[in-house]
Amino acid sequence: MLRRRLTLTAIPLSVAALVLAGCATQTAASSSTSTTTEDTTTVETTAVVDSDLTADAVLAANADVTVVSDDEWSESDAIDITLSGSSASSDSDAVTVDGTTVTITQAGVFRLSGSLDGQVVVAAPEDAQVVLILDDADISASDSPAITVTTADDVVIALADGTTNTVSDTSSYADDAGANAAIYSDADLTITGWGTLEVSGNGNDGIASTDDLVILSGQITVDAVDDALRGTDSLTVAGGTLALDAGGDALKSDQDEDATQGFIVVSGGDLTSTSGDDGLAATTDVVITGGTVDLVAGSDASAADAAPKGVSAGVVAVIEGGDVTIDSADDGVHSDGSIGIGGGTVTVSAGDDGIHAEQSLELRDGDVTVTDSVEGLEAAAVAVSGGTVDVTASDDGVNAASGTTTTSQGGMGGGGEADTGETLTVSGGTLRVVAGGDGLDSNGSISFTGATTTVAGPSSAGGEGAVDANGDIVLDGGEVFIAGSVLVAPTGAQQWVAAAASGSAGDTVEVADASGTTIASFQADQSFAAVFYSGPGITDGGSYTVTLNGSAAATVTEGTNVTSAMGGPGGGGGGGRRP
């Protein structure tokens, strides 16, 4: 069972950055303050999660979602409600009309058509299932939500095929108003059907449920001054075409009293959103397994916060399918706990980190592209075991770092910084990094056991390195191509060569053995002052020639490091060393 909790804990500064690798749970700081005294404690937000970062594991640990399927009710049972301006009419005893308020008091299926300058209220028994078929209905409320569910067990809004339905609410709510959305439900709410629904959340949210909110189908447009869709216990998008414009969050689930709730699931459909705050914001988990998701977070909307993120999860974010595109003012994908990517296509342009987790970041499969970021991938433990990962960053490309670090003398290539336990492991797939700062950086160790890794950067000197770790850099497999600066001489079983060779972006770099056979070839993505290659074609003590665009630039011996214009070990200056 997945275990998760969000706590505020006082953690000693000396151990706050530890990553408990290999345990059932992992703990890392997500925010901290520190001082220079050794006995000072810091208050930090921590999340504790199971190490299985798959969609199945995360969803199995969460509460079941309540949804009413289309086969659980029949349109032939529908009771007609005719809306006519400031009034309405129906032949059913389950419907009462009081001025401009239409109230449904019993379970059943009800068809609403026409226009109403007023409000529809569902006040049915606690065990009632109520279905509202919107059939070319236009409901506009001047001082309240347009549709309010006060009591029922389950409510369905069904959009009649071929119809266009519009819903809008008051322009403002009292600060203490409970019902504060154009469509507001105190019961589980399912939206289905093949018609169109246009929602204007003029006073606050667009569509909100205090329980589960599920979108099965429909052409749905929401324009809200705050959140577009909000399901307090959970929010699920399984289908439909959604176009959301929100001053706050586009999709939100904010239950914070039950660790198994407060999550968002996108398993299908076509979702496009522009939001002032986060695109998807969940107190606990965000799980994406299908559909098309296009998020723009950080627009010039009235409710924009200081750090709008594309996807924001309090505990775990998982992407295992679908086509996800994110343009965010802050992090593209963010979790206060961990992130697992096991499939799908993810494209991120971020004003801060491309993908950021406080604990673990696992990339197991899929196509992940960070086109623009400050730091591309960041977490206390970063593991790339499959898929295709392409990162462009103005600072570090991939950074294994915790919320708190300790500085002291020692370590390898970290400029005197101590190994604080973070890990960066590359074991499978393809990883390409173009970085203005460190290409691959770890406050702890870096390990290569497989995959094809290509690093371009740093783009300039100044204490940055292509591969930089406070602890060991271990080469035990795969291929590593670097055109940038010289990294610390690695340990491990696999041989390598390094050369002082300067060139420009677009240059072709080749490594040939003593017989003239090319064993490695790649293209540089930035200007560089040194070349590094490690792969199965390098033999112990062998002699190799590095060529740039076909011209010999250097002849080097396996296992001998060099000093480049961009710095030596860790980018900090000086020559490398053979372990």
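In which strand is the place of Thr518? Thr518 belongs to strand 45 (residues 518–523), where helices (H or I, at least four residues) and strands (E, at least two) are DSSP runs numbered from the N terminus.

The model is predicted, so local features need pLDDT of at least 70 and side-chain atom pairs count only at pLDDT 80 or more, while totals for chains, interfaces and linings use all residues. Residues are numbered from 1 along each chain as its sequence is written, and side-chain values use heavy atoms, with hydrogens and water left out.

**Two threonines**

Accessibility is classed as buried under 20% relative accessible area, exposed over 50% and partly exposed in between (1.4 Å probe, protein chains only). Contact means heavy atoms within 4.5 Å.

| Residue | Strand | Relative accessible area | Class |
|---|---|---|---|
| Thr453 | strand 40 (residues 445–457) | 0% | buried |
| Thr518 | strand 45 (residues 518–523) | 42% | partly exposed |

Leaving aside residues up to four places away in sequence, Thr453 touches Val426, Leu431, Leu440, Phe448, Glu479, Val480 and Phe481. On the same basis of exclusion within four places, Thr518 is in contact with Glu510, Val511 and Ala512. The C-alpha atoms of Thr518 and Gly537 are 9.6 Å apart in space, and these residues are 19 apart in sequence.

**Nonpolar cores**

A nonpolar core is a set of buried Ala, Val, Leu, Ile, Met, Phe, Trp, Tyr and Cys residues joined through side-chain atoms within 4.5 Å. The largest has 106 residues, of which Ile207, Leu251, Leu280 and Leu440 touch the most other members. Another core, of 19 residues, lies apart from it and includes Val497, Ala499, Ile538 and Val556.

**Aromatic pairs and strand 43**

Three aromatic pairs are present in the structure. Rings of Phe, Tyr and Trp (its six-membered ring) pair if their centres lie within 6.5 Å; planes under 30 degrees apart count as stacked, over 60 as edge-to-face and the rest as tilted. The pair of Phe481 and Tyr533 is tilted, because the ring centres are 5.0 Å apart and the planes stand at 45°. Phe481 lies in strand 42 (residues 473–484) and Tyr533 in strand 46 (residues 530–534), so the pair ties together parts that are 52 residues apart in sequence. Both Phe481 and Tyr533 are buried. Ring pairs link Phe481, Phe522 and Tyr533 into a cluster.

Strand 46 also pairs with strand 43 in the antiparallel sense over four bridges; pairing requires that DSSP finds at least two bridges between two strands. Ala498 stands opposite Phe532 in strand 46. From strand 43 (residues 496–499), Trp496 and Ala498 point one way and Val497 and Ala499 the other, and all are buried. In a regular strand the side chains alternate between the two faces of the sheet.
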